[in-house]
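Okay, thanks everyone for making time. Have a look at what's on the screen, and I'll talk you through it piece by piece.

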Amino acid sequence: MKGGARRSVRRALYVLAFLLVLEYLVLPQIAGARHALQVLGQVRPAWLVAGVALEALAVACYAQLTRSLIPAPSRPGFATASRITLSTLGASHVVPGGAAVGASLGYRLLTSEGVSGPDTAFALATQGLGSAVVLNMLLWFGLVGSIPAHGFNPLYVTAAILGALLLGGVAVAVALATRGEDRMVALVCRAAGHLPFLDGPALGEALRRIAGRLRTLLDDRPLLWRATGWAAANWLLDAASLWVFVRAFGGRPGPAGLLVSFGLANVLAAIPITPGGLGVVEATLTALLVGFGVPRGEAVIGVVTYRLANFWLPIPLGAAAYVSLTVGRLRDQRRAREALRVATATAAAEAPTRREWARAHAITAGDRRSSTPPSRVDHDDDPT
């Protein structure tokens, strides 16, 4: 099958998967749409503004998480890191499995800002993995608080299994990187030797650098706690935004129910079915919030408005941020070329003439062969 045909089949599968999610997960949740329309008349605009502000703060915390994992000498400024974060979010919300696309774009943007490749790879990998670990911990806290009050739900088993697998994988990776580095590098290099376009020794060296950075991170407790704090702030502000949007229409989800709904929806969104969990997040949040006592109309409208700020708004903002980064880089390149041109012109204007250069080097018109001192020339011309 040719490349074009494979792409067409892939697109068709994505469309079918999206329609499947829309048909069996999203549309059944719109059953309370009539009541939801009545709820619209009770909206409190100040709460909507507060929800958008909380989403902006969540993005800012995620940008700070990225900055905290990059060494200070090459760390980009907060404004630049925020624009890179918005660009990656916008890209990840456009295509299924967009997390990989966003990570690739983030890598290119960070390295173009002067961050080295190994430092960028470590920061992005630690950022994504650490953020996922913090999300699962928040979900487990919510489960511990909600099960005694609301009973057991079969979805909790799925969440617990996914969380346990993730945390177990993190523990194994940390152990290999910090205590079995040689074994891990040898295994990866051996596997890379059987794959085309991979340089085993270079990959092993990169893994050693990442393992060294991971050891540094684990030894630097203030940095570890700071990164964990930024990741937790990102998720908690995002969850608070969801609570505010639901509250804007009269819903009052409890803290435990909110954390379980929010955590489980985002864990399921990591499965690359639709871009950014589109449809999956809406359906999961609505169903769980209703299960925790929020009226269906308030839950439907609250989740829809939350996703407008959480999912859709970063797409145009991310595009604008990417354009600003590109335009700024082009402007800097033009300024550098102009500065080089001015410096070259100034140097050419101030350069000595050939006669001045020859006089400065003791070269006369009668002897152009060398700049040898006169005593040496007289000695060579003496016939005796």
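So, the protein chain has 16 helices and 0 strands. Keep in mind that this is a predicted model. The chain runs to 384 residues, and buried residues make up 36% of them. On the outside, about 21,600 Å² is exposed, and carbon and sulfur atoms supply 66% of that. Now for contacts along the chain: take those between residues at least 6 apart in sequence, and 74% of them join residues at least 24 apart. I'll show you some examples of such pairs in a minute.

Let's go inside. Which residues have the most contacts inside the largest nonpolar core? They're Leu242, Phe262 and Leu285, in a core of 48 residues. Quite a list of helices supplies at least two residues each, including helix 3 (45-68), helix 6 (117-150), helix 10 (221-247) and helix 13 (296-312). Helix 10 gives the largest share, with 9 residues.

Leucine 242 is a good place to park the view. Leaving out residues up to four places away in sequence, leucine 242 touches Leu258, Phe262, Leu285, Val303 and Tyr306. Two of those, Phe262 and Leu285, you've just heard named among the residues with the most core contacts.

Staying in helix 10, find alanine 239. Alanine 239 sits at 3% relative accessibility, so it counts as buried, the cut-off being under 20%. Again skipping residues up to four places away, alanine 239 touches Leu258 and Phe262. Both of those are on the contact list of leucine 242 too. Alanine 239 and phenylalanine 262 are 23 residues apart along the chain, and their C-alpha atoms are separated by 6.4 Å.

Next stop, helix 6, where I'd like you to find two residues. One is serine 146, and the other is leucine 143. Serine 146 has 0% relative accessibility, so it counts as buried. Leucine 143, at 8%, counts as buried as well. Now the pairs I promised. Serine 146 and alanine 256 are 110 residues apart in sequence, yet 5.3 Å apart in space, C-alpha to C-alpha. For leucine 143 and glycine 263, the separation is 120 residues in sequence and 9.6 Å in space, again C-alpha to C-alpha.

A quick detour to helix 4, for threonine 88. Threonine 88 counts as buried because its relative accessibility is 16%. Its contacts, not counting residues up to four places away, are Gly102, Leu105 and Gly106.

Okay, on to the part I like best, helices 12 and 13. Helix 12 is mostly covered, with 9 of its 12 residues buried. Among the buried ones are Val280, Val281, Glu282, Leu285 and Leu289. Helix 13 is mostly covered as well, with 13 of its 17 residues buried.

Do the lengths make sense? For helix 12, 12 residues at 1.5 Å a residue should span 16 Å, and the end C-alpha atoms are 16 Å apart, which agrees. For helix 13, the 17 residues should span 24 Å; the end C-alpha atoms come out 22 Å apart, which agrees too. And just after helix 12, look for glycine 293, which takes a positive phi of about 105 degrees.

Now, how many salt bridges does the structure hold? Just the 1. The side chains of arginine 307 and glutamate 282 make it, at 3.0 Å, N to O. Arginine 307 is in helix 13 and glutamate 282 in helix 12, so the pair ties together parts that are 25 residues apart in sequence. Buried or exposed, those two residues? Both arginine 307 and glutamate 282 are buried.

Last thing, back out to the surface. Val52, Leu313 and Leu317 form a nonpolar patch there, with about 220 Å² of accessible area together. Leucine 317 belongs to helix 14, residues 314-350. Leucine 317 counts as partly exposed, because its relative accessibility is 41%, and that class lies between 20% and 50%.

That's my tour. Happy to spin the model around for anyone who wants another look.

Conventions
Residues are numbered from 1 along each chain as its sequence is written. This is a predicted model: local features need pLDDT of at least 70, side-chain atom pairs count only at pLDDT 80 or more; totals for chains, interfaces and linings use all residues. Side-chain values use heavy atoms; hydrogens and water are left out. A nonpolar core is a set of buried Ala, Val, Leu, Ile, Met, Phe, Trp, Tyr and Cys residues joined through side-chain atoms within 4.5 Å. Buried means under 20% relative accessible area, exposed over 50%, partly exposed in between (1.4 Å probe, protein chains only). Helices (H or I, at least four residues) and strands (E, at least two) are DSSP runs, numbered from the N terminus. Contact means heavy atoms within 4.5 Å. Patches are made of residues with over 30% relative accessible area and no salt bridge: like charges are joined within 9 Å, nonpolar side chains (Val, Leu, Ile, Met, Phe, Trp, Tyr) within 5 Å. Accessible areas come from the Shrake-Rupley method with a 1.4 Å probe; for residues, only the protein chains shown count as cover. A salt bridge is a side-chain nitrogen of Lys or Arg within 4 Å of a carboxyl oxygen of Asp or Glu. The expected span of a helix is 1.5 Å times one less than its number of residues.
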